[in-house]
Every structure is written in C-alpha cells, then in structure tokens.
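Welcome! Here is a short tour for anyone meeting this protein model for the very first time. Please take a look at the view below, and then read on.

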Amino acid sequence: MTRLYRHFITTSRTARKAFPAITLMEIQAKIAEGERTHRAEARMIVESSLNLRAVLNGVTSRQRAHELFSHYRMWDTEENIGVLLYVNIADHKVEIITDRAVGRAIPSAEWQAVCQTMTREFANGTFHDSTLAALEKLNSLLTDHFPDADGKRNELSDRPLML
C-alpha cells in the first residue's frame, strides 16, 4: 500500500477509534501527573493523516512534528523545556520533538525507546496502554533531568490535541 493511499484512507474516525475519549482523558491526566514532578512542558498531538498535497511534496512525519512544535509555540516556554509527542496514524510513526534544553540533556536514544514503547504495541492495535506506558517513561526521563521542587506554573495545555 503506498503512502499516498494510506493517507487518503486514514480519517479522523480512524484516529478517534485508536484514541477514544477515555484514552484522551487518561493521557491528559498522565501528562498533568508528570508535570507535577518535572518542570518540562509536554504536549501530545495525534494526527490521522497529512493532507494529500503534503504527502505528494514528501513531507515526513518528523517534518510535520517540527511544524506543529513551532505552530503551537512549544519552543516558547520559559526554560526552553517543551516536549512534543506526535503520532501520525497513517504513517504509523511516533516522533518526539524537544526544545533546546531538553535536547541537550537527554540523548535521542532515550526518546527512541519511548517511541518504540508505543510503535511496538500500535502494530497490535494497543494504543491506550502503550501510550500511557510511553508517557510514564517520558515523565520519568523529564523528572530525572528537570525535577520540580517549586511547583512551577503550567505553560502549555496538558490536553492531547487531535488533528
């Protein structure tokens, strides 16, 4: 199946089936729970597919994740500690984009392990549990490197965004 066809047939309904309301609420709670223990700002965006023009132009999931990181101003946190967890259903991809401070502190191999926690189980249709497990790992990494002792303010929404 070609990439163009996968993006054509993958709809918002597909994404809602993979990430129903109860899963989204638990993701939001897991992000909020983590942000009580670390200073970083995490956000999750799930996108069913790219528009066909983007696919024809060769836009990768990683490029799209960078675009969304910028669009939602995740780079604009006080300590440069924004983290985007991006899921593209049609591409079967999970990308993590980090702001400067986080990127310097945590090696990419650590983030790849978080992504693999999700993608390994996504193949079996296990979106709920694998996403929560990945967020647990993400929160642990961020707590180790950016512990929060002072109860910082929340700069970005914890609510996952469905595109």
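## A first look around

Helix H8 has 19 residues, which at 1.5 Å a residue should span 27 Å, and its end C-alpha atoms are indeed 27 Å apart, so the two values agree. Please keep in mind that this is a predicted model.

H8 runs from 127 to 145. Its buried residues are Phe127, Ser130, Thr131, Leu132, Ala134, Leu135, Leu138, Asn139, Leu141 and Leu142.

## The nonpolar cores

The largest nonpolar core holds 33 residues, and Phe19, Met44, Val87, Trp111 and Leu142 touch the most other members. Several elements each supply at least two residues of this core, including helix H2 (12–18), helix H3 (21–35), strand S1 (41–47) and strand S2 (82–88). Strand S3, helix H6 (100–105), helix H7 and H8 do so as well. Which element gives the most to this core? That is H8, with seven residues.

Trp111 is a good residue to pick out on screen. Leaving aside its neighbours within four places in sequence, Trp111 is in contact with Ile96, Thr98, Val102, Ile106, Leu138, Leu141 and Leu142. There is also a second, separate core of 14 residues, and among them are Ile45, Val59, Ile97 and Leu156.

## The largest pocket

Now for some empty space. The largest pocket has a volume of about 210 Å³. It is lined by 13 residues, of which Arg62, Ile96, Ser108, Trp111 and Gln112 lie nearest its centre. Trp111 therefore turns up in the pocket lining as well as in the largest nonpolar core.Strand S3 (93–98) and helix H7 (108–122) each supply at least two residues of the lining, and S3 provides the largest share, five residues. By type, the lining divides into seven nonpolar, four polar and two charged residues.

## Two residues with a positive phi

Most residues other than glycine have a negative phi. Which residues here have a positive phi although they are not glycines? Arg73 and Asn80 are two such residues. Arg73 lies in the loop between helix H5 (61–71) and S2, and Asn80 is found in the loop between H5 and S2 too.

| Residue | Phi | Relative accessibility |
|---|---|---|
| Arg73 | about 55° | 45% |
| Asn80 | about 55° | 21% |

Are they buried, exposed or in between? At 45% relative accessibility, Arg73 counts as partly exposed. Asn80, at 21%, counts as partly exposed as well, because buried would mean under 20%.

Note on methods: Residues numbered from 1 in each chain as written. Predicted model: local features only at pLDDT ≥ 70, side-chain atom pairs only at ≥ 80, totals over all residues. Heavy atoms only, no water. 1 Å grid on protein atoms, 1.4 Å probe; cavity = no way out; pocket = protein on both sides within 12 Å on 5 of 7 lines; lining within 4 Å. Points joined across faces, edges and corners; volume = space filled by probe spheres on them. Helix = DSSP H or I, 4+ residues; strand = E, 2+ residues; numbered from the N terminus. Nonpolar A, V, L, I, M, F, W, Y, C, P; charged D, E, K, R; others polar. Core = buried A, V, L, I, M, F, W, Y, C linked by side-chain atoms within 4.5 Å. Buried < 20%, exposed > 50% of the residue type's maximum accessible area, 1.4 Å probe, protein only. Contact = heavy atoms within 4.5 Å. Expected span 1.5 Å × (residues − 1).
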